[in-house]
Amino acid sequence: VLTEAPSADDRSVLDWAAREDRILLTFDKDFGELSGDPSFLATGVILFRMPLGKPAETGRRLADLITARGDWAGHFSVIEPGRIRMRRLGA
């Protein structure tokens, strides 16, 4: 998003993710406010709430967490140290 649409608002970013059938990865807590919209049921949002270390370590750790599950679509998920919380989108 920073490269392709740096000034896009949260709603536009979620619309983009839904159109392209993507899971949105974010550190921005504001996306939780839009997650009740039923138009996003086909996509998913993963909010990371964890301390960041060195970029290479952080990227590897986040990739491992994401690939360990296959049920991100249709959920607003929060990854925190030691736990993952998931709520159905549109609920």
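**Exercise 1. Determine whether Leu24 is buried or exposed, and describe its surroundings.**

*Solution.* Step 1. Leu24 has a relative accessible area of 10%. The classes are buried (under 20% relative accessible area), exposed (over 50%) and partly exposed (in between), with a 1.4 Å probe and protein chains only. Leu24 is therefore buried. The model is a predicted one, in which local features need pLDDT of at least 70 and side-chain atom pairs count only at pLDDT 80 or more, while totals for chains, interfaces and linings use all residues. Residues are numbered from 1 along each chain as its sequence is written, and side-chain values use heavy atoms, with hydrogens and water left out.

Step 2. Leu24 belongs to strand S1 (residues 23-26). Helices (H or I, at least four residues) and strands (E, at least two) are DSSP runs, numbered from the N terminus.

Step 3. With neighbours within four places in sequence set aside, the contacts of Leu24 are Val13, Leu14, Ala17, Phe31, Gly44, Val45 and Ile46; contact means heavy atoms within 4.5 Å. Thr43 lies 19 residues from Leu24 along the chain, and the two C-alpha atoms are separated by 7.7 Å.

**Exercise 2. State which residues of H1 are buried and where they lie around the axis.**

*Solution.* Step 1. The buried residues in H1 include Val13, Leu14 and Ala17. They lie on the same side of H1, because they cover an arc of only 95° around the axis. The arc is that of the directions from the helix axis to the C-beta atoms.

Step 2. Val13, Leu14 and Ala17 are also among the residues that Leu24 contacts.

Step 3. After H1 comes Asp21, with a positive phi near 55°.

**Exercise 3. Find the salt bridge between Arg11 and Asp15, and relate it to H1.**

*Solution.* Step 1. A salt bridge is a side-chain nitrogen of Lys or Arg within 4 Å of a carboxyl oxygen of Asp or Glu. In Arg11 and Asp15, the closest N and O atoms are 3.7 Å apart, and the pair forms a salt bridge.

Step 2. Arg11 and Asp15 are separated by about one helical turn, because they are 4 residues apart in helix H1 (residues 10-19). An α-helix has 3.6 residues a turn, so residues three or four places apart point the same way.

Step 3. Arg11 is partly exposed at 34% relative accessible area, and Asp15 is partly exposed at 27%.

**Exercise 4. State how many salt bridges the whole structure has, and examine those of Glu20 and Glu80.**

*Solution.* Step 1. The whole structure contains 5 salt bridges.

Step 2. One of them joins Glu20 and Arg22, whose closest N and O atoms are 2.7 Å apart. Glu20 is partly exposed, with 39% relative accessibility.

Step 3. Another joins Arg83 and Glu80, with the closest N and O atoms 2.7 Å apart. Arg83 is partly exposed at 46%, whereas Glu80 is buried at 15%. A network of salt bridges links Glu80, Arg83 and Arg85.

**Exercise 5. Locate Thr58 and decide whether it is buried or exposed.**

*Solution.* Step 1. Thr58 is part of helix H3 (residues 55-67).

Step 2. Its relative accessibility is 12%, so Thr58 counts as buried.

Step 3. Apart from residues up to four places away in sequence, Thr58 touches Leu52 and Gly53.

**Exercise 6. Describe the chain as a whole.**

*Solution.* Step 1. The chain has 3 helices and 4 strands, in the order α-β-α-β-α-β-β along the sequence.

Step 2. Of its 91 residues, 29% are buried.
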